[in-house]
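Visitor: I have a protein model on my screen and no idea how to read it. Could you walk me through it?

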Amino acid sequence: MGGTYSVTPVTPADYRRLAEKRLPRFLFDYIDGGANAEITLAANVDGFRNIALRQRVMRDVSTIDTSTMLTGEKSAMPVILAPIGMAGMMARRGEAQAVRAANEVGLPFTLSTVGICDLAEVKRAASKPFWFQLYMMRDRGVVQELLARAESVGCTTLAFTVDLAVTGMRHRDLRNGALSSSLQARAVKAWEIGSHPQWLVDVALRGKPHGFGNLADRVPDPGRLEAFTAWVASQFDSSVTWKDIEWLRSVWKGKLLIKGVLEPDDAKSAVAAGADGVIVSNHGGRQLDSVASSVSKLPHIVEAVGDRADVFMDGGVRSGIDVFKAVALGAKGVLIGRPWVWALAARGQTGVRDMLAVMRQELRIAMALSGVNSIAEIGRDAIDDLPRG
């Protein structure tokens, strides 16, 4: 074998290692990093590790079914691919590859406002309706135009992100020069690109155009992160309140989910404004560092909302066991972000599909060993309240 050893990627951590090798450093850090000291980024993952399950035996678990209904549509498991900005810079036409993989497995895909592929391209790649994520911009005409385009391609669910009043302080992007246009920073980025020939050929050359598809006539080249960050600061509206959500509800006729809720009072306000559901999220630890993990906040949001709206969550989900834990704590479903982008960067559509298939098998096994056959049977009694030993 000549001393070489090939490993088949299985877990998100496996795909992360491959992605780190294949992506220029400034792109890998953009996906991988969090805000400030990345305390919340780590807490999101650790929050799941600190939840113990109860193993049940001698139950008939011969009819395991991981499928469920998410915003009125059947999904193969309670998992949605979260919106990721610039995913099309991680693999050639990345959002189109990802939606095909999600559809192969039978899951919803969410297109980011600042995805590289636009709504029409994702529609052509998709075999089922997909979700769309929106930020509120100062120009409400742009917002209405985006909503009309999303409706025209059959988007059924809108995830409106509310935790980006300002952009979090992401130190990795400062260290690697991603946010600088200095000669030194440009040289470092050029070196990184040249040092990753596979990405250079497959994405930089063959993956054009590289503009933000849905905002191609308004947003600068995503290859210049410093220009993109400046545009975000100037265009994203930091004056948004619940009154604007009421306006959004009057414009958007599909399902409306408010993404970025961590406190029970905010969840109640979202429902009062007309939301069909909330997504418990700290933006993957990329905004306010030192806030609590999403999963630790989940039970409190579920209690506050009751049966008036669906509760979803994202942040730190790395396995089918994590999916099981979130459902046991009351989540209707979970959104995953970094795992699918790592898989996409590592092995494209095939990587995303295979990673999701493993996650579904992990969920199936967790259900069987916890003594349940359906997602509806997963409840709070699946969680062991005793300290881990």
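**Reading the model together**

Guide: Happy to, and keep in mind that this model is predicted. Let's begin with charge: the chain carries 47 positive and 42 negative side chains, and the centres of those two sets are 4 Å apart.

Visitor: What helices and strands does the chain have, and how many?

Guide: You can count 15 helices and twelve strands. With a radius of gyration of 20 Å, close to the 21 Å that the globule rule gives for 389 residues, the chain is as compact as a globular protein of that length.

Visitor: What share of the residues is buried?

Guide: Here a residue is called buried when its relative accessible area is under 20%. By that cut-off, 56% of the 389 residues are buried. As for the surface, the chain exposes about 16400 Å², and carbon and sulfur atoms supply 53% of that.

Visitor: Which residues have the most contacts inside the largest nonpolar core?

Guide: Those are L134, M313 and W340, in a core of 110 residues. Helix α15, residues 338-370, gives the most to this core, with 14 residues. Try clicking on W340: setting aside neighbours within four places in sequence, its contacts include L81, I84, F109 and M355. Another core lies apart from the largest one and has nine residues, among them A82, A159, L257 and F312.

Visitor: How should I look at a helix?

Guide: An α-helix has 3.6 residues a turn, so residues three or four places apart point the same way. Now look at helix α2, residues 25-32.

Visitor: Is helix α2 largely enclosed or open, and why?

Guide: Seven of its eight residues are buried, so helix α2 is largely enclosed by the rest of the structure. The buried ones include F26, F28 and Y30, along with D29 and D32.

Visitor: And what about the backbone? What should catch my eye?

Guide: Most residues other than glycine have a negative phi, and most peptide bonds are trans. Look for exceptions, such as the cis peptide bond joining K208 and P209, where omega is about 5 degrees. P209 sits in the loop between α9 and α10.

Visitor: Which residue in the loop between α2 and α3 should I check?

Guide: Check N36, which has a positive phi of about 50 degrees although it is not a glycine. H283 has a positive phi too, near 60 degrees, and belongs to the loop between β9 and α13.

Visitor: Are N36 and H283 buried or partly exposed?

Guide: N36 is partly exposed, at 31% relative accessible area, whereas H283 counts as buried, at 12%.

Technical notes: Residues numbered from 1 in each chain as written. Predicted model: local features only at pLDDT ≥ 70, side-chain atom pairs only at ≥ 80, totals over all residues. Heavy atoms only, no water. Helix = DSSP H or I, 4+ residues; strand = E, 2+ residues; numbered from the N terminus. Rg over C-alpha atoms; globule rule 2.2 N^0.38 Å. Buried < 20%, exposed > 50% of the residue type's maximum accessible area, 1.4 Å probe, protein only. Areas by Shrake-Rupley, 256 points an atom, 1.4 Å probe, with all protein chains shown as cover. Lys, Arg positive; Asp, Glu negative; His and termini not counted. Charge placed at Lys NZ, Arg CZ, Asp CG, Glu CD. Core = buried A, V, L, I, M, F, W, Y, C linked by side-chain atoms within 4.5 Å. Contact = heavy atoms within 4.5 Å.
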